[in-house]
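Here is a short briefing for a first look at this structure. Keep the sequence and the 3D view open as you read.

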Amino acid sequence: MPTFHTYDGTELAYHLEGRGAPLICLPGGAMRASTYLGRLGGLDGHRQLVLLDLRGTGDSAVPDDTSTYRCDRLVDDVEALREHLGLEHIDLLAHSAAADLAVLYAARYPQALRRLLLVAPATRAAGLGFAEREAREAAGLRHTEPWYEEALPALEEIWAGRPDDELRAAARPFLYGRWDAAAQAHAASSAAQINAGAAQGYDAPGAFDPAATVAALHELASPVLVLTGEYDGVTTPDRAAELAALFPEAEFAVQRGAAHFPWLDDPGAFVRTTAAFLDPEVHSVQAGGTRLAYRVWGDPLAPPVVLVHGRCDDSRTWTGIAEQLAARNRVYAIDFRGHGLSDWPGRYSFELFRDDLHAFLEARNLSGATVVGHSMGAAAAYLLAGRQPGLIGRLVLEEAPPPFPLDPPRGPVERPDGELDFDWPVVPSINAQLNEPDPVSRERLGEITVPTLVIGGGPRSQIDQEDLARMARRIPGGRLVTIDAGHLVHTERPEEFLAALRSFGVA
């Protein structure tokens, strides 16, 4: 367990989880030991978590001067940790009450902050108080839970300003999206992990100057993500959105089905959202209510090219191609819903992927872009081109599944063991559509008016090449090129793939 000495000589401890670039993590409580953060749902698979025990909590020492528990005085402990780690800039994650500490740090040391991630954040430092009406609405969303009738009176007493340990324990189910054994064990550890005396001093008079803090936040250049749970009544989504609005470069995300500890309620959703935000090479956009992650290469003023991946893949499959195309183009590669770092909502179809592509093009103002799609992504692209003729400038369909029934049809499939980079329901959902395509999709091939290049993978491909040629003939002016590479043309034969794009006017 590493330690360091902060500005007044107090020895503070921190814990390391995972590998990669450091992410300093501040625990809430207030003044709760960092152990409750665990591995943050698996975020340690993307970053090295530096879990700080604030003074007087966990393995850190109790200070000689207990007035230093006040939130604004803890700011210099965070700065001392940055200096101890030898980091010029830090990425900072704060949960719950620690969001006030992180906000004060951002206001005092903006030059040291690279990215700020506020999870289920407190808002007192910004002058945003508790919103009881909204909290009641959040609680009401849980009315079908078996524990609701028993827990609600305790919550009412807390709202009335009469909290005690027994009431807090009775109301704890509201803090979790699922009140299962894991949540109950997590909740049971809370009292022993909090330094109650330090918690009383955390927001002592003088801790916050909202007017000055808000003025500083308005000038903060660092990207900020405010993430809250749909059911969180401590800081409701509406109140968290108000906090996000104070930052010039803020994203706001609501995790469905989650409450105050979103990494416990749905680890995958939490990690995908936070990992996308923390990766400087990944961007996110809300498209039709779904958060889509994407990567970008090239000059922002160059002609746009949008790359869309196949089933069970993600934007990373295009990296080599994108780097080549970026010499003359602004290149975007998205993760469809259910894939990579985008949202995994659980429902999938060619039409929903088409809608993802449509929403992305509109959100990024990319009307007229060249769209290059592989496999499932190519199907989404030709469905969009047939429905919105003026939206796409040029269309490249690599190994697109033709809209003709499979013979023989694909049978039942079983989920493989282990973690996947995509949501498994994608596979049976799309197989069903491959077996029995919507006849409308065949009819609309004739409505595609943009120049279209169809690339087939030849006899080694799983796609019936005769059906692919038949599809190309139905597209007015469609052109078919065959590259003997199998289904993964752009990865197996990248130079020939790029040559085909260049001959089509894309390069």
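Which strands does helix 15 lie across? Helix 15, residues 376–387, lies across strand 11 (304–308), strand 13 (369–374) and strand 14 (392–398). The model is predicted.

**The sheet**
- Eight strands make up an open sheet, and their pairing is mixed.
- The strand order is 9-10-12-11-13-14-15-16.
- Strand 9 (283–287) and strand 16 (479–482) are the edge strands, and each of them pairs on one side only.
- On average, neighbouring strands of this sheet are turned by 25 degrees against each other, with direction ignored.
- In general, strands of a sheet pair through backbone hydrogen bonds, either parallel or antiparallel.

**Strands 15 and 16**
- Strand 15 (residues 452–456) and strand 16 run parallel, joined by four bridges.
- In this pair, G456 stands opposite T482 of strand 16.

**Helix 15 on the sheet**
- Helix 15 runs at about 145 degrees to strand 14.

**Helices 3 and 4**
- Helix 3 covers residues 132–140, and helix 4 covers residues 148–159.
- Their axes come within 12 Å and cross at roughly 170 degrees.
- Angles over 145 degrees count as roughly antiparallel, so helix 3 is roughly antiparallel to helix 4.
- From helix 3, the contact takes in E132, A135, R136, A139 and G140.
- Helix 4 meets them with Y148, L155, E156 and W159.
- The residues of this contact divide into five nonpolar, one polar and three charged.

Methods. Residues are numbered from 1 along each chain as its sequence is written. This is a predicted model: local features need pLDDT of at least 70, side-chain atom pairs count only at pLDDT 80 or more; totals for chains, interfaces and linings use all residues. Side-chain values use heavy atoms; hydrogens and water are left out. Two strands pair if DSSP finds at least two bridges between them. Helices (H or I, at least four residues) and strands (E, at least two) are DSSP runs, numbered from the N terminus. Axes are lines fitted to C-alpha atoms, for helices over the stretch in contact, and angles run from 0 to 180 degrees between N-to-C directions. Contact means heavy atoms within 4.5 Å. Angles under 35 degrees count as roughly parallel, over 145 as roughly antiparallel, 65 to 115 as roughly perpendicular and the rest as oblique. Ala, Val, Leu, Ile, Met, Phe, Trp, Tyr, Cys and Pro count as nonpolar, Asp, Glu, Lys and Arg as charged, and the others, Gly among them, as polar.
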